[in-house]
Amino acid sequence: MIKQLLALLFILNPAVIFADGVTFEMSAPNAVETGQQFRLSFSLNKEGGNLRLPDLSNFEILMGPSKSESSSTQIINGQVTHSVTYSYIYILRAKNEGTFEIRPATIEVDGAVYESNSLKIQVVKGRTPQQPQQDNPPEGGAADVGKEDLFVRVALSKSSVYRGEQLLATVKLYAEPDLPIQGFEEVNLPEYEGFYSQDIDMPQQISFTREVYNDRIYKVGVLKKTILFPQQNGTITINPFSLTCLVRQQVGPRSFFDDFFSSYRTARARITSEPVSLQVRDLPSAPAGFTGAVGNFSVNASLSNTHVSTNDAVTLEVKVNGSGNIRLIRNPELELPSDFEVYDPRSTENIRTTDNGMSGTKTFEYLFQPRFEGDYTIPQIHFSYFNPASGQFVTKSTPEFELHVSKGDEEQSATVVSSLRKEDVQLIGQDIRFIKQNHTKLRQRGYTFFGTTGFYAMYGGGALAFLIVFMVYRKKARENANLVLMRNKKANRIAKKRLKEAAGFMKNNQDEQFYESILKAFWGYLSDKLGIEVAILNRERAVEELNNRKVTRALIDDFVKVIEQCEFARYAPSGGSKARHDLYKQAASVMSKMESQIKR
Amino acid sequence: MRIVHTILGIVLILPVFGQIDKMKTADSLYTAEKYQEAVALYEEVLQEGKESAELYFNLGNAYFKTGDINHAILNFERARLLDPNDEDIAFNLQVANQYVVTSVEPLPQPFFARWSNAVINLNSADSWGRISLIAFFCFLVFLGLFLFAKSAGIKRFSFILGILSIVISLFAFSFASKQQSKIRNRNHAIVFCPRVTVKSSPSENGTDLFLIYEGVKVEITDSLDVWKEVKLLDGNLGWLKDSCIVRI
């Protein structure tokens with residue numbers, strides 16, 4: 001934070017730099033030939049003095065120092081910026097081949113001593129300048145440039161990698177330092193088939209640096225830098241590519257004057273690169289949790305909230321940080337409780353691509369909603385990656401989280417849950433049902449009780465039992481019927497006998513016995529005739545039964561009258577023998593009429 | 001004398017107990033996921049000529065777990081023959097049939113055939129026989145009531161119920177005999193050859209009609225020497241060698 005503030009301050013007020021910062025820089029080409037002159041220059045943004053050169057015993061100082069001063073004034077939005085640059089230039093010549101280090105130079109500014117940077121200069125053997133054959137310059141076509149003088153190549157930072165391991169591919173243009181290159185045409189930069197590639201941003205302008213290649217000094221321009229991730233095993237070849245360079249060439253002198261008015265023309269040189277091949281090794285067998293990451297990573301996770309109510313959204317953020325094929329990492333598996341509503345994970349990337357490769361952060365967001373209350377555990381995520389440096393898989397785990405889900409608001413849950421409680425049973429897998437474990441009825445193969453003799457015998461037995469029961473019952477019924485008939489037949493005789501008895505009592509004037517025997521005769525008779533026990537027979541019952549048997553009204557009335565007279569007379573004897581005689585006669589007639597009517 | 005009887009009784013009963021014990025052991029082997037051993041033990045019980053729907057069902061399960069789908073289907077079908085209305089058997093058979101390569105679309109049956117099949121398959125032969133017997137006894141009771149009852153109401157009531165029970169008894173009897181004929185005839189089979197060409201005639205030179213894969217259920221309609229005429233559920237008819245099929 002403080003750094004940022006400071007930086008802001010610097011930007012806002014450039015005068016600060018001017019006041020404080022003293023920059024003292026030394027610069028020289030990094031590769032020269034023996035016998036060639038070159039410049040060693042120092043630049044200082046403040047006036048200084050007493051420049052002390054480092055040891056330059058390997059070089060000859062041909063000239064110097066030549067001191068120059070340049071100043072510039074800028075007015076931007078009213079801010080006036082004034083800058084002055086002092087430079088000291090030496091002309092040197094290399095004496096011997098080899099790589100030499102130039103130690104820092106020192107200079108005094110306002111009494112303080114400042115040190116410059118140090119440099120390394122590679123000195124290669126100087127070539128004998130060859131005379132270009134410019135006798136017959138081609139008319140307008142191809143440039144006459146040797147293959148050694150101008151070429152392109154793809155430089156790979158590694159020649160053997162694991163699948164998915166990143167490497168840097170640089171497309172470089174090598175040119176003879178004196179060759180004036182004006183531009184390019186038909187640039188077909190290589191297509192990296194079999195790779196996942198990520199270009200590194202390059203400035204539009206190509207800046208040339210000096211580089212030694214095959215013991216020669218070239219000016220080298222970097223056309224393109226790409227981070228490559230091989231996606232297949234075996235040997236991958238980067239196919240040749242080509243481009244056309246526009247080279248300014250002098251048209252050969254024809255006369256003396258032409259030297260002064262020499263004409264130049266632009267020639268086209270088509271150059272093609274050599275194919276480059278790369279060995280890609282397969283990864284060893286991957287552990288669980290490997291999601292394609294190759295490089296060097298760290299992982300951490302955070303849960304947005306550990307105490308939530310049902311149906312609240314919870315986010316688990318998993319951050320993978322490091323360098324490698326970070327774009328190609330798939331989201332790690334997260335095993336959540338199955339009744340959570342889980343949404344597809346989202347991933348965001350924050351990635352820098354530099355010469356050192358691709359690095360940055362990839363964030364996976366797992367969004368889910370717990371549906372039911374309870375305490376849940378969000379399990380660890382095991383993130384495995386392949387570390388090409390060690391050639392081994394590394395597994396890193398996120399911490400485990402406890403999630404406490406409490407019941408949500410009543411209203412909310414009432415409206416939401418009504419539709420949610422009715423979840424279908426989630427079929428996770430299908431399997432056959434478990435074996436049965438009640439073994440009671442093992443039987444002979446092919447045996448069925450149906451159709452056996454025993455089976456049919458049961459039908460027969462049932463029918464037989466029925467027949468027996470039927471016969472017995474019928475016989476009994478018949479016997480019963482006979483008994484009733486007998487009593488019926490006897491009834492009249494017994495009644496007559498009783499009446500005769502009554503007649504005997506009448507003669508002897510035994511009143512009480514007379515009436516009683518008449519009543520007995522009637523009740524006994526009706527009991528036998530109607531099939532009702534004497535004990536439960538009374539006048540009402542008798543009248544009812546007689547009515548049922550269709551006995552005439554008059555006869556029933558007579559019968560009632562006789563009974564009434566008898567019962568009355570039993571308790572209050574009255575009347576003479578005449579009355580008794582009449583009663584007897586009437587009883588006898590009722591009896592005989594009844595006999596004929598009940599008989600049917 | 002009594003001792004001899006007891007010994008005889010033990011000797012007669014022992015095998016049954018032994019078989020039940022064997023099945024219990026096989027069950028625990030199955031539970032312990034030793035399916036091969038369970039299969040061997042179940043088969044041993046079958047070798048002794050005993051069978052039950054549960055035995056076939058468990059054996060089918062064990063075969064299924066060992067990955068032998070053909071045998072699993074065969075035993076599930078056998079179990080279903082003995083207990084046609086068991087839900088577990090039907091379910092496992094359906095699961096096993098999902099592994100069969102040939103998919104056979106059964107011919108649509110008229111509604112009455114479907115209904116009658118559904119009703120007949122509600123019970124096994126013995127259950128139908130028992131129902132028939134009970135209904136017959138009911139009929140006898142109602143007949144008695146009808147004959148001896150004095151009240152006209154009871155007479156009418158027992159008459160109707162009596163007719164009903166004798167009809168039920170007759171139907172149940174016919175269903176029972178149908179189920180029994182299924183068990184007796186066993187004219188269905190499972191194809192065991194991984195891939196078999198069905199011919200138009202019972203000879204190697206017959207025209208190739210169609211190709212079926214293992215696990216398919218076929219109905220045997222005719223036979224000649226080693227050749228069997230089979231009918232698929234979708235109505236296709238052809239001849240194949242009986243070494244390729246196993247009767248259910």
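I count two residues as in contact if their C-beta atoms, placed from the backbone, lie within 7 Å. The model I examined is a predicted one.

**Entry 1. Contacts of Val318(A)**

I began with Val318(A) and left aside residues up to four places away in sequence. On that basis, Val318(A) touches Val299(A), Ala301(A) and Pro332(A), and also Phe364(A), Ile381(A) and Thr398(A).

**Entry 2. Nonpolar cores**

I then looked up the core to which Val318(A) belongs. The largest nonpolar core holds 59 residues, and Val318(A) is among those with the most contacts inside it. The others listed with it are Val32(A), Tyr174(A), Leu228(A), Leu316(A), Val320(A) and Tyr385(A). I also found a second, separate core, which has 51 residues and includes Leu74(B), Ile89(B), Val230(B) and Leu240(B). In soluble globular proteins, nonpolar side chains tend to be buried together.

**Entry 3. Helix 4 of chain B**

I next checked helix 4 of chain B, residues 69-82. Its 14 residues should span 20 Å at 1.5 Å a residue, and I find agreement because the end C-alpha atoms are 20 Å apart. Is this helix enclosed or open? Of the 14 residues of helix 4 of chain B, 14 are buried, so the helix is largely enclosed by the rest of the structure.

**Entry 4. An open sheet in chain A**

I traced an open sheet of 3 strands in chain A, with the order 2-10-7 and mixed pairing. Strand 2 (31-33) and strand 7 (98-102) are the edge strands, each pairing on one side only. On average, neighbouring strands of this sheet are turned by 30 degrees against each other, direction ignored. Strand 2 of chain A runs parallel to strand 10 (residues 119-124) of chain A, with 3 bridges between them. For Ala31(A), I noted Gln122(A) in strand 10 as the bridge partner.

**Entry 5. Where chains A and B meet**

I turned last to the contact between the chains, which takes 26 residues from chain A and 36 residues from chain B. Which elements of chain B supply at least two residues each to the side that touches chain A? I listed helix 1 (2-31), strand 1 (50-51), helix 3 (53-66), helix 5 (87-97), helix 7 (125-148) and helix 8 (152-185). Helix 7 of chain B gives the most, with 11 residues. By class, I recorded 19 nonpolar, 9 polar and 8 charged residues on this side of chain B.

Strand pairing also links the chains: strand 32 (residues 443-444) of chain A and strand 1 of chain B run antiparallel and are joined by 2 bridges. There, Arg443(A) has Glu51(B) as its bridge partner.

Key: Residues numbered from 1 in each chain as written. Chains lettered and ligands numbered in written order. Predicted model: local features only at pLDDT ≥ 70, side-chain atom pairs only at ≥ 80, totals over all residues. Helix = DSSP H or I, 4+ residues; strand = E, 2+ residues; numbered from the N terminus. Nonpolar A, V, L, I, M, F, W, Y, C, P; charged D, E, K, R; others polar. Pairing = 2+ DSSP bridges. Expected span 1.5 Å × (residues − 1). Buried ≥ 20, exposed ≤ 12 C-beta atoms within 10 Å, placed from the backbone. Core = buried A, V, L, I, M, F, W, Y, C linked by C-beta atoms within 7 Å. Axes fitted to C-alpha atoms, helices over the stretch in contact; angles between N-to-C directions.
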